[in-house]
Amino acid sequence: MISIENIETGAIYEGSDLEYFLDDDTMIGEVYIDGNLMYQSVDVDTESQLKLEFRKEYILEETTEVPERDRSY
């Protein structure tokens, strides 16, 4: 599970798949969660730069859930 919080607004987004997309022709970077666009940045030329810009505005937290059958009590 991935939880993403907007630092400015406090809005929280949750999902299971986070994707970074960079268009080399337009230099526009996009971040998707479960296929839904949630962030866009202009003038980025590398995925590292896109991730850096994204993390300036969002807090990213990833958790690993243990399936019920694998839990020990």
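In the predicted model, tyrosine 32 of strand β4 has leucine 37 as its bridge partner in strand β5. The two strands run antiparallel and are joined by six bridges, with β5 spanning residues 36–42. Two residues separate the strands of this hairpin, in which aspartate 34 adopts a positive phi near 50°. On the other side of the pairing scheme, β4 (residues 28–33) is also matched with strand β3 (residues 18–23), again in the antiparallel sense and over six bridges. Here leucine 22 is bridged to glycine 29 of β4. The hairpin of β3 and β4 has four residues between its strands, and methionine 27 takes a positive phi near 60°.

Strand β4 also contains glutamate 30. This residue is buried yet lacks a salt bridge, and lysine 51, the nearest side chain of opposite charge, is 15 Å away. Polar contacts of the glutamate 30 side chain were nevertheless identified: one is made with the side chain of tyrosine 32, at 2.6 Å, and another with the side chain of glutamine 40, at 2.7 Å.

Aromatic side chains form a further set of contacts, with five aromatic pairs counted in the model. Tyrosine 20 and phenylalanine 54 make up an edge-to-face pair, with 6.2 Å between the ring centres and 85° between the planes. Because tyrosine 20 belongs to strand β3 and phenylalanine 54 to helix α1 (residues 47–57), this pair ties together parts that are 34 residues apart in sequence. Phenylalanine 54 has a relative accessible area of 0% and is therefore buried.

An edge-to-face arrangement is also found for tyrosine 39 and tyrosine 58, whose ring centres are 5.9 Å apart and whose planes are at 85°. This pair likewise links distant parts of the chain, as tyrosine 39 lies in strand β5 and tyrosine 58 in strand β6 (residues 58–62), 19 residues apart. Both tyrosine 39 and tyrosine 58 are buried. The residues of the two pairs belong, together with Tyr13, to one aromatic cluster, formed by Tyr13, Tyr20, Tyr39, Phe54 and Tyr58.

Lysine 51 enters this description in a second role. Its charged end sits over the ring of tyrosine 20, at 5.0 Å from the ring centre. Tyrosine 20 thus combines an edge-to-face contact with phenylalanine 54 and a position beneath the charged end of lysine 51, whereas lysine 51 is 15 Å from glutamate 30.

Definitions and conventions
Residues numbered from 1 in each chain as written. Predicted model: local features only at pLDDT ≥ 70, side-chain atom pairs only at ≥ 80, totals over all residues. Heavy atoms only, no water. Pairing = 2+ DSSP bridges. Phe/Tyr/Trp six-rings, centres within 6.5 Å; stacked < 30°, edge-to-face > 60°. Buried < 20%, exposed > 50% of the residue type's maximum accessible area, 1.4 Å probe, protein only. Lys NZ or Arg CZ within 6 Å of the ring centre and 35° of its normal. Lys, Arg positive; Asp, Glu negative; His and termini not counted. Salt bridge = Lys/Arg side-chain N within 4 Å of Asp/Glu carboxyl O. Polar contact = N/O pair within 3.5 Å; in protein donor to acceptor, adjacent residues only side chain to side chain.
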